[in-house]
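Biologist: I should like to learn how to read the features of a protein model. May we go through one example together?

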Amino acid sequence: LQLPAFYQAKRDLFREGLAGSRFKLLPSTGSYFQCVDISAISDLNEADFCQWLTREVGVAAIPLSAFYEQDPVTHLVRLCFAKQDAVLDSAIDRLRRFLRSPSA
């Protein structure tokens, strides 16, 4: 596989795994990151949500607000999918288990 196709396959695996969750998946092209809207999941600010996610779910995320000096974007975090497939599968399983859709 060429590098773009390699990462597209990882992105697609990650996005498919999170489909149907309460994460609102934002478009992701030319990146190693999947940005998601967490507003349907938590009232925590992004930094607190990311800390909770790391401690309680075992999946690390980065608050997008960390990249803004003024007027930060809110309720958005990014998850890195540049990982081995086994790591992605484990993260998907953890995220889906802890953050189930209310209808699931």
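**Reading the model, step by step**

Modeller: Let us begin with a single residue: Lys 10 has its place in helix α1. Please keep in mind that this is a predicted model.

Biologist: Is Lys 10 buried or exposed?

Modeller: A residue counts as buried when its relative accessible area is under 20%. Lys 10 has a value of 8%, so this residue is buried.

Biologist: Which residues does Lys 10 touch, not counting those up to four places away in sequence?

Modeller: Contact means heavy atoms within 4.5 Å. With residues up to four places away set aside, Lys 10 touches Phe 81, Lys 83, Gln 84, Asp 85 and Leu 88. By contrast, Pro 72 is 62 residues from Lys 10 in sequence, and the two C-alpha atoms are 28 Å apart in space.

Biologist: How many helices and strands does the chain have?

Modeller: There are 3 helices and 4 strands. Along the sequence they follow the pattern α-β-β-α-β-β-α. The radius of gyration of the chain is 13 Å, close to the 13 Å that the globule rule gives for 104 residues, so the chain is as compact as a globular protein of that length. Taken along the principal axes, the box filled by the C-alpha atoms is roughly 40 × 35 × 25 Å.

Biologist: What share of the residues in the chain is buried?

Modeller: Buried residues account for 36% of the 104 residues. As for contacts between residues at least 6 apart in sequence, 58% of them join residues at least 24 apart.

Biologist: Which residues of the largest nonpolar core touch the most other members?

Modeller: That core has 20 residues, and those touching the most other members are Phe 14, Phe 23, Leu 53, Leu 79 and Leu 95. Two or more residues of the core come from each of α1 (3–18), α2 (46–57), β4 (76–80) and α3 (85–98). Phe 14 may serve as an example: leaving aside neighbours within four places in sequence, Phe 14 is in contact with Gln 34, Leu 79, Phe 81, Leu 88, Ile 92 and Leu 95.

Biologist: Where does Val 59 lie?

Modeller: Val 59 is in the loop between α2 and β3 (62–63). Its relative accessibility is 7%, so Val 59 counts as buried. Not counting residues up to four places away in sequence, Val 59 touches Leu 53, Thr 54, Leu 79, Ala 91, Arg 94 and Leu 95.

Biologist: How is Ser 90 placed with respect to Val 59, and what is the separation of their C-alpha atoms?

Modeller: Ser 90 belongs to helix α3. The two residues are 31 apart along the chain, and their C-alpha atoms are separated by 9.2 Å. Ser 90 has 31% relative accessibility and counts as partly exposed.

Biologist: What is the phi value of His 75?

Modeller: Most residues other than glycine have a negative phi. For His 75, phi is near 65°, a positive value in a residue other than glycine. His 75 is found in the loop between β3 and β4, and a relative accessible area of 29% makes this residue partly exposed.

Biologist: How many positive and negative side chains does the chain have?

Modeller: The chain has 12 positive and 12 negative side chains, and the centres of these two sets lie 6 Å apart. The chain exposes about 6,400 Å², of which carbon and sulfur atoms supply 50%.

Notes:
Residues are numbered from 1 along each chain as its sequence is written. This is a predicted model: local features need pLDDT of at least 70, side-chain atom pairs count only at pLDDT 80 or more; totals for chains, interfaces and linings use all residues. Side-chain values use heavy atoms; hydrogens and water are left out. The radius of gyration is taken over C-alpha atoms; the globule rule is 2.2 Å times the number of residues to the power 0.38. Buried means under 20% relative accessible area, exposed over 50%, partly exposed in between (1.4 Å probe, protein chains only). Accessible areas come from the Shrake-Rupley method with a 1.4 Å probe; for residues, only the protein chains shown count as cover. Lys and Arg count as positive and Asp and Glu as negative; His and the chain ends are not counted. The place of a charge is taken as NZ of Lys, CZ of Arg, CG of Asp or CD of Glu. A nonpolar core is a set of buried Ala, Val, Leu, Ile, Met, Phe, Trp, Tyr and Cys residues joined through side-chain atoms within 4.5 Å.
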